[in-house]
Amino acid sequence: MPRLRELIEKNRQWSENIRRTDPDFFPTLSSQKNPRYLWIGCSDNRVPANEIVGLKPGELFVHRNVANVVVHTDLNCLSVLQYAVDVLGVECVIVCGHYGCGGVTAAMRDGKLGLIDNWLRHIQDVASKHAAELDPLEGEAKTDRLCELNVLEQVDNLCRTTIMHDAWARGQDTVIVGCVYSLRDGLLRDLGVRKTSAANCGSRGASVR
Ligand code: CO
């Protein structure tokens, strides 16, 4: 396994470098209190959660899947949400999409990629729901807007979970927000949506482009 050997060597160098430059890093991380944020983002290798928001390991609880989708029957995502909200008590749940998302692009092309087509069906449902807005758009503008709409839909899906309803009902002030990352300039765009109760679900954030 030469490739794993390479990574283990890189890991050794990384660990040594951190211990040399910041001797408190690992002791602090081991005793770190709960993170304030849950990040639900895309699996895309170009969108590393901690790195793009400048947070250290320990400061961000992370769930990633293809095209940052929140599906009501996905026990993986729901378990992460439940643990983050109920046990860790995160203050903010962030759904982060990104422009040029391969999952969103593939969903628009309606091609045949295999098992993942079933997962991308959720994005196609978002596109169908917003066809009136998307139809006049073309190319990148259309894909980019679907990336934004997908985030907003996933924020709404989060709002509708029993986990968030229960948390809000017992007075927890967790906020759900949505943003989109640009691969072109490395910047996050706030989609302007803030969900703080079951009552304010359904309102839309504006396009930021
Ligand atoms: Co993506």
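This report describes a predicted model, taking in turn a metal site, salt bridges, helix packing and some loop residues.

## The cobalt site

Three residues coordinate the cobalt ion: Cys42 through SG, His98 through NE2 and Cys101 through SG. The distances run from 2.0 to 2.3 Å. Along the sequence, the donor residues follow the spacing C-x55-H-x2-C. Water is not among the atoms, so the site may look incomplete.

Are His98 and Cys101 buried or exposed? His98 has a relative accessible area of 1%, and because buried means under 20%, His98 is buried. Cys101 is buried too, at 2% relative accessibility.

## Salt bridges

The model has 14 salt bridges. One of them joins the side chains of Arg36 and Glu91, with N and O 3.3 Å apart. This pair links distant parts of the chain, 55 residues apart. Arg36 is in the loop between helix H2 (25-30) and strand S1 (37-42), while Glu91 is in the loop between helix H4 (75-88) and strand S3 (92-98). Arg36 is partly exposed at 43% relative accessibility, and Glu91 is partly exposed at 39%.

Another salt bridge is formed by Asp125 and Arg121, whose closest N and O atoms are 3.1 Å apart. Both residues belong to helix H6 (residues 116-129). Because they are four residues apart in this helix, about one helical turn separates them. Asp125 is partly exposed, with a relative accessibility of 40%, and Arg121 is partly exposed with a value of 40%.

The side chains of Lys129 and Glu153 also meet in a salt bridge, at 3.0 Å from N to O. Lys129 lies in helix H6 and Glu153 in helix H8 (residues 139-159), so this salt bridge ties together parts that are 24 residues apart in sequence. Lys129 counts as exposed, at 53% relative accessibility, whereas Glu153 is buried at 6%. Elsewhere, Glu9, Arg12 and Glu16 are joined into one network by salt bridges that share partners.

## Packing of H6 against H5 and H8

Helix H5 (residues 102-109) packs with H6 at an angle of about 75 degrees, and their axes are 9 Å apart. Angles of 65 to 115 degrees count as roughly perpendicular, so H5 and H6 are roughly perpendicular to each other. Which residues of H5 and H6 meet? On the H5 side they are Gly103, Val104, Ala106 and Ala107. On the H6 side they are Leu120, Ile123 and Gln124. This contact has five nonpolar residues, two polar residues and no charged residues.

Helix H6 also packs with H8, at an angle of about 105 degrees and with axes 10 Å apart. H6 is therefore roughly perpendicular to H8. Here Ile123, Val126, Ala127 and Lys129 in H6 meet residues in H8. The H8 residues are Leu146, Leu149, Asn150, Glu153 and Gln154. By class, the contact of H6 with H8 has five nonpolar, two polar and two charged residues. Lys129 and Glu153, which take part in this contact, are also the partners of the salt bridge between H6 and H8.

## Arg170 and its contacts

Arg170 lies in the loop between helix H9 (162-169) and strand S4 (175-181). Its relative accessible area is 48%, so Arg170 is partly exposed. Leaving aside its neighbours within four places in sequence, Arg170 is in contact with Val85 and Asp86. Arg170 and Leu38 are 132 residues apart in sequence, and their C-alpha atoms are 19 Å apart in space.

## Positive phi in a loop

Most residues other than glycine have a negative phi. Ala67 has a positive phi of about 70 degrees, although it is not a glycine. Asn68, also not a glycine, has a positive phi of about 40 degrees.

Where are these residues found? Ala67 has its place in the loop between strand S2 (60-65) and H4, and Asn68 is found in the loop between S2 and H4. Ala67 is buried, with a relative accessible area of 0%. Asn68 counts as buried at 2% relative accessibility.

Methods:
Residues are numbered from 1 along each chain as its sequence is written. This is a predicted model: local features need pLDDT of at least 70, side-chain atom pairs count only at pLDDT 80 or more; totals for chains, interfaces and linings use all residues. Side-chain values use heavy atoms; hydrogens and water are left out. Donors are N, O and S atoms within 2.8 Å of the metal (3.2 Å for Na, K and Ca); water is not among the atoms, so sites may look incomplete. Buried means under 20% relative accessible area, exposed over 50%, partly exposed in between (1.4 Å probe, protein chains only). A salt bridge is a side-chain nitrogen of Lys or Arg within 4 Å of a carboxyl oxygen of Asp or Glu. Helices (H or I, at least four residues) and strands (E, at least two) are DSSP runs, numbered from the N terminus. Axes are lines fitted to C-alpha atoms, for helices over the stretch in contact, and angles run from 0 to 180 degrees between N-to-C directions. Angles under 35 degrees count as roughly parallel, over 145 as roughly antiparallel, 65 to 115 as roughly perpendicular and the rest as oblique. Contact means heavy atoms within 4.5 Å. Ala, Val, Leu, Ile, Met, Phe, Trp, Tyr, Cys and Pro count as nonpolar, Asp, Glu, Lys and Arg as charged, and the others, Gly among them, as polar.
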